[in-house]
Amino acid sequence: MEPMAARKLLLEEHGERSDVNVTLGPPQQDEHGDFACLVEITGLGEKHRYAAHGVDGIQALQLALKTAGTVLDAFDRPGASLTWNGERNLGFDS
């Protein structure tokens, strides 16, 4: 995926720190005229990869941001926390 935008988060777990990367691909039009925007999240164990679909590029991008936020909000492991820029609000409206 050719990245359009990326955000690096900090995962703190049991005293250890590591990066979690969220990458969005540019909205691409499919053969039906709709658009899809790829979302990739790495650093939470397995790689998470999703395609958010919309009727135009803006909607696909909006849904990609919501998808990233939903996946990150669902992340829950004892003793672990995710932050961005020192804040628990990761900046994705889910």
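Okay, a quick definition before we start: when I say helix or strand, I mean a run assigned by DSSP, with at least four residues for a helix and at least two for a strand, numbered from the N terminus. With that in hand, here's the layout: going along the sequence, this protein reads β-β-β-β-β-α-β. That's one helix and six strands. And please keep in mind that what you're looking at is a predicted model.

Let's get the overall picture. The protein has 94 residues, and 31% of them are buried. If you follow the C-alpha trace along its principal axes, it spans about 50 × 20 × 20 Å. The accessible surface is about 5900 Å², and carbon and sulfur atoms own 47% of that. As for charge, there are 8 positive and 15 negative ones, and their mean positions sit 6 Å apart. One more overall number: take the contacts with a separation of 6 or more, and 39% of them are between residues 24 or more positions apart.

Now, the inside. Which residues have the most contacts within the largest nonpolar core? They're Val 20, Val 22, Ile 41, Leu 44, Leu 72 and Leu 82, and the core as a whole has 20 residues. The elements that put in two or more residues are strand E1 at 5-13, strand E2 at 16-24, strand E4 at 35-42 and helix H1 at 57-74. H1 gives the most, with five residues. As a bit of background, nonpolar side chains in soluble globular proteins tend to be buried together.

Let's zoom in on Val 22 from that list. Leaving out residues up to four places away in sequence, Val 22 touches Ala 5, Ala 6, Arg 7, Leu 9, Glu 40, Ile 41, Ala 68, Leu 72 and Phe 92. Two of the names there, Ile 41 and Leu 72, you've just heard as residues with the most contacts inside the core.

Next up, His 48. You'll find it in strand E5, which covers residues 48-54. Is His 48 buried or exposed? Its relative accessible area is 17%, and the cut-off for buried is under 20%, so His 48 counts as buried. Its side chain makes a polar contact with the side chain of Tyr 50, at 3.3 Å. Again skipping residues up to four places away in sequence, His 48 touches Val 39, Glu 40, Ile 41 and Val 71.

On to strand E6, residues 80-83, which is where Ser 81 sits. Not counting residues up to four places away, Ser 81 touches Leu 10, Leu 11, Glu 12 and Arg 88. How far is Ser 81 from Val 39, C-alpha to C-alpha? The two are separated by 21 Å, and they're 42 residues apart along the chain. Thr 83 is in E6 too. Thr 83 has a relative accessible area of 12%, so it falls under the 20% cut-off and is buried. Setting aside neighbours within four places, Thr 83 is in contact with Leu 9, Leu 10, Arg 88 and Leu 90.

Right after that strand, look at the segment following E6. Asn 85 lies there, and so does Gly 86. Asn 85 is exposed, with a relative accessible area of 68%, and Gly 86 is exposed as well, at 65%. Here's a nice one about sequence and space: Gly 86 and Leu 9 are 77 residues apart in sequence, yet their C-alpha atoms are 9.2 Å apart. Now flip that around with Gly 33, in the loop between strand E3 and E4. Gly 33 and Val 20 are 13 residues apart in sequence, but 33 Å apart in space, C-alpha to C-alpha. Gly 33 itself is partly exposed, at 28% relative accessibility.

Last topic: backbone angles. Most residues other than glycine have a negative phi. Asn 85 has a positive one, near 60°. His 14 has a positive phi as well, near 50°. Where is His 14? It's in the loop between E1 and E2. At 62% relative accessibility, His 14 is over the 50% cut-off, so it counts as exposed.

That's my tour. If you want somewhere to start on the structure, click on Val 22 and look for its contacts, including Ala 68 and Phe 92.

Technical notes. Residues numbered from 1 in each chain as written. Predicted model: local features only at pLDDT ≥ 70, side-chain atom pairs only at ≥ 80, totals over all residues. Heavy atoms only, no water. Buried < 20%, exposed > 50% of the residue type's maximum accessible area, 1.4 Å probe, protein only. Polar contact = N/O pair within 3.5 Å; in protein donor to acceptor, adjacent residues only side chain to side chain. Contact = heavy atoms within 4.5 Å. Core = buried A, V, L, I, M, F, W, Y, C linked by side-chain atoms within 4.5 Å. Areas by Shrake-Rupley, 256 points an atom, 1.4 Å probe, with all protein chains shown as cover. Lys, Arg positive; Asp, Glu negative; His and termini not counted. Charge placed at Lys NZ, Arg CZ, Asp CG, Glu CD.
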